[in-house]
Amino acid sequence: MLTRKGKYGLKALMHLAHLPPGQFEFVSEIAIANNIPKKFLDAILGELRNAGFVHSRKGKDGGYRLAKPASEIKVGHVIRVLDGPLAPIPCASQTGYQRCEDCDEATCQVRHVMLEVRQAVAMVLDNRSLAEMRDAANDDVATVLLRSQG
């Protein structure tokens, strides 16, 4: 399940994706516009800055902006940075793999299903950019779903 940290991080990046390229936005404005606690957002934006998603600048003309075009930022990468692996269980993870002590991985049907779940989630999130999320904001859900299946 997506944590609040992951959700707030995506909301903050979406906010920045709507700004003209190069424009900075203060943390307080992002927090108010997206109903995110400012102190929590400060920490999240720090992680996003360290991961190369945003740039920050101090001063009266400061704030945060995207470090690269929204079309180059994949949702899956953001979620992995903020929340960790996408897999529902450690033995199905590609980035945080841990062997299970209680089963034979070759025959464990739970693992096999969770590998499929992980693959399906990764397929959507790793192929969706912030720009696509931003541009789909005004589309209806059916159109977005049809586009992702095509």
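**Helix α2, an aromatic pair and the enclosed spaces**

In this predicted model, the exposed residues Ile32 and Ala33 sit on the face of helix α2 that is turned away from its buried side. The helix spans residues 27-34, and its buried residues are Val27, Ile30, Ala31 and Asn34. These four residues lie on the same side of α2, because the arc that they cover around the axis is only 100°. The cover over the buried residues of α2 includes two helices, α1 (4-17) and α3 (38-50), together with the strand β2 (63-66).

Directly after α2 comes Asn35, a residue with a positive phi. The value is near 55°, and it occurs here in a residue other than glycine. Asn35 belongs to the loop between α2 and α3, and it counts as exposed because its relative accessibility, 68%, is over the 50% limit.

Helices α1 and α3, which were named above as part of the cover of α2, are also joined by an aromatic contact. A pair of aromatic rings is described by the distance of the centres and the angle of the planes. The structure holds 1 such pair, formed by Tyr8 and Phe40, whose ring centres are 5.7 Å apart and whose planes stand at 75°, so that the arrangement is edge-to-face. The pair links distant parts of the chain, since Tyr8 is located in helix α1 and Phe40 in helix α3, with their positions 32 residues apart in the numbering. The two partners fall into separate accessibility classes: Tyr8 is buried, with a relative accessible area of 10%, whereas Phe40, at 32% relative accessibility, is partly exposed.

Turning to the enclosed space, the model contains 1 cavity of 30 Å³ or more, and the space within the largest cavity amounts to about 30 Å³. Its lining is made up of Arg80, Pro85, Leu86, Ala87, Ser93, Gln94, Thr95 and Arg118. By residue type, this lining divides into 3 nonpolar, 3 polar and 2 charged residues.

Among the open spaces, the second largest pocket has a volume of about 210 Å³. Of the 13 residues that line this pocket, Met1, Leu2, Ile79, Pro85 and Leu86 lie nearest its centre. Two elements, α4 (75-83) and α5 (109-125), give two or more residues each to the lining of the pocket, and the largest share, 4 residues, comes from α5. The lining of this pocket consists of 9 nonpolar, 2 polar and 2 charged residues. Pro85 and Leu86, listed here among the residues nearest the centre of the pocket, also appear in the lining of the largest cavity.

Helix α5 also holds Arg111, a residue that counts as buried because its relative accessibility of 15% is under the 20% limit. When its neighbours within four places in sequence are left aside, Arg111 is in contact with Ile89, Cys91, Tyr97 and Glu105.

Definitions and conventions
Residues numbered from 1 in each chain as written. Predicted model: local features only at pLDDT ≥ 70, side-chain atom pairs only at ≥ 80, totals over all residues. Heavy atoms only, no water. 1 Å grid on protein atoms, 1.4 Å probe; cavity = no way out; pocket = protein on both sides within 12 Å on 5 of 7 lines; lining within 4 Å. Points joined across faces, edges and corners; volume = space filled by probe spheres on them. Nonpolar A, V, L, I, M, F, W, Y, C, P; charged D, E, K, R; others polar. Buried < 20%, exposed > 50% of the residue type's maximum accessible area, 1.4 Å probe, protein only. Arc of directions from axis to C-beta. Contact = heavy atoms within 4.5 Å. Phe/Tyr/Trp six-rings, centres within 6.5 Å; stacked < 30°, edge-to-face > 60°.
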